[in-house]
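Hi there,

Here is the structure I promised to pass on. Have a look at it first, and my notes on what turned up follow below.

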Amino acid sequence: MATWIFLRGLTRESRHWGGFIEDFQKVLPGQTIVPIDFAGNGLQNHRPSASRVQDMVEDCRTQLAQRNISGPCHVLAMSLGAMVSVAWAQSYPQEVAAQVLINTSMRPFSPFYQRLQPANYATLLRLVLSRATPTDWERAILRMTSNRGDTAVLPRWVELRHDHPVSVNNALRQLFAAARFRALPTPPTTPTLLLTSTHDRLVAVACSRSLANHWQCPLQYHAHAGHDLPLDDGPWVANQIKQWLASFGTQSDCL
């Protein structure tokens, strides 16, 4: 069975995967799952965030070495985490056996107004200028990233923000890293699956479509989920991965 590295997005931590880890294990039993927090988030919130995606890669590699985990491993990543996975696979292709990228975007393949859709600008500006409470922030994030219409997760997200708050400086450093990251124009040699939501209100579906066209890699569309696809339909994500792995048999161990 394979070892899977799970990477979340901007200011999110490993516990934001929520029930998806259980969904994944039900569909793909026996896999080893290793969620990693970026510096500045979760258990790493006491550390300054990197302002370059490549530095996030190096930090992930260091954290794995500290746990005595070596590659090649599989990576499941969304948003900013997917940029880190791409940079990782580009710099150290021998360490990434396969990667699944969820609702991501990156230069030079997509313009800024698709990478963060304009409908969100006013909400984000209002939150910053009004000194919003943790509940205000998490409610807004839930509305922007989920189409499920279920607020049951909100108290948990507020709790996570209280437990491991992300400083303004660290959030800005992560945002800067995402904005400046530029992938190589050549397709990755690592087997890559793209998953996207046609009704993602945060990042335009055109971003994943552009990556698939440039890289000539498979792309699967979810018809109604939001940006946080693992939250809105975790079993669908896990089943898409299972089908993809079966198509070329990449179930090798992480040595």
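Helix α7, which spans residues 154-163, contributes 3 residues to the lining of the largest cavity, the most that any element gives. This is a predicted model, so please read everything here in that light.

The full lining of that largest cavity consists of T11, R12, E13, H16, G42, E138, W157, L160, R161, H164, P165 and V166. Sorted by class, these lining residues come out as 4 nonpolar, 4 polar and 4 charged. The space inside the largest cavity is about 80 Å³.

How many cavities of 30 Å³ or more does a search of the whole structure find? There are 2. The second largest cavity has about 30 Å³ of volume, and its lining is made up of F38, A39, A50, M56 and D59. In this second lining, 4 residues are nonpolar and 1 is charged, with no polar residue.

Now for the sheet. It is open and has 6 strands, paired in parallel and arranged in the order β2-β1-β3-β4-β5-β6. Which strands sit at the edges? They are β2 (32-36) and β6 (219-222), and each of them pairs on one side only. On average, neighbouring strands in this sheet are turned by 20 degrees against each other, leaving direction aside.

At the β2 end of the order, β1 (residues 3-7) runs parallel to β2 and is joined to it by 5 bridges. One specific partnership to look up in your viewer is L7, whose bridge partner in β2 is I36. Helix α2 (residues 53-66) packs on the sheet here, where it touches both β1 and β2. The direction of α2 makes about 130 degrees with that of β2.

A word on confidence before you set anything up. The protein chain has an average pLDDT of 92, and 97% of the residues score at least 70. The stretch to watch is residues 250-255, where the pLDDT is below 50. In the model, this stretch has 24 contacts beyond near neighbours in sequence. Where pLDDT is low, the predicted coordinates should not be read in detail, so I would treat the contacts of residues 250-255 with that in mind.

If you would like to start somewhere, the lining of the largest cavity, with W157, L160 and R161 among its residues, is a good place to open the viewer.

Happy browsing, and all the best

Definitions and conventions:
Residues are numbered from 1 along each chain as its sequence is written. This is a predicted model: local features need pLDDT of at least 70, side-chain atom pairs count only at pLDDT 80 or more; totals for chains, interfaces and linings use all residues. Side-chain values use heavy atoms; hydrogens and water are left out. pLDDT is the predictor's confidence in each residue, from 0 to 100. Contact means heavy atoms within 4.5 Å. Two strands pair if DSSP finds at least two bridges between them. Helices (H or I, at least four residues) and strands (E, at least two) are DSSP runs, numbered from the N terminus. Axes are lines fitted to C-alpha atoms, for helices over the stretch in contact, and angles run from 0 to 180 degrees between N-to-C directions. On a 1 Å grid over the protein atoms alone, a cavity is a set of points where a 1.4 Å probe fits but cannot get out, and a pocket is an open set with protein on both sides within 12 Å along at least five of seven lines; lining residues have an atom within 4 Å of a point. Grid points are joined across faces, edges and corners, and a volume is the space filled by probe spheres set on the points. Ala, Val, Leu, Ile, Met, Phe, Trp, Tyr, Cys and Pro count as nonpolar, Asp, Glu, Lys and Arg as charged, and the others, Gly among them, as polar.
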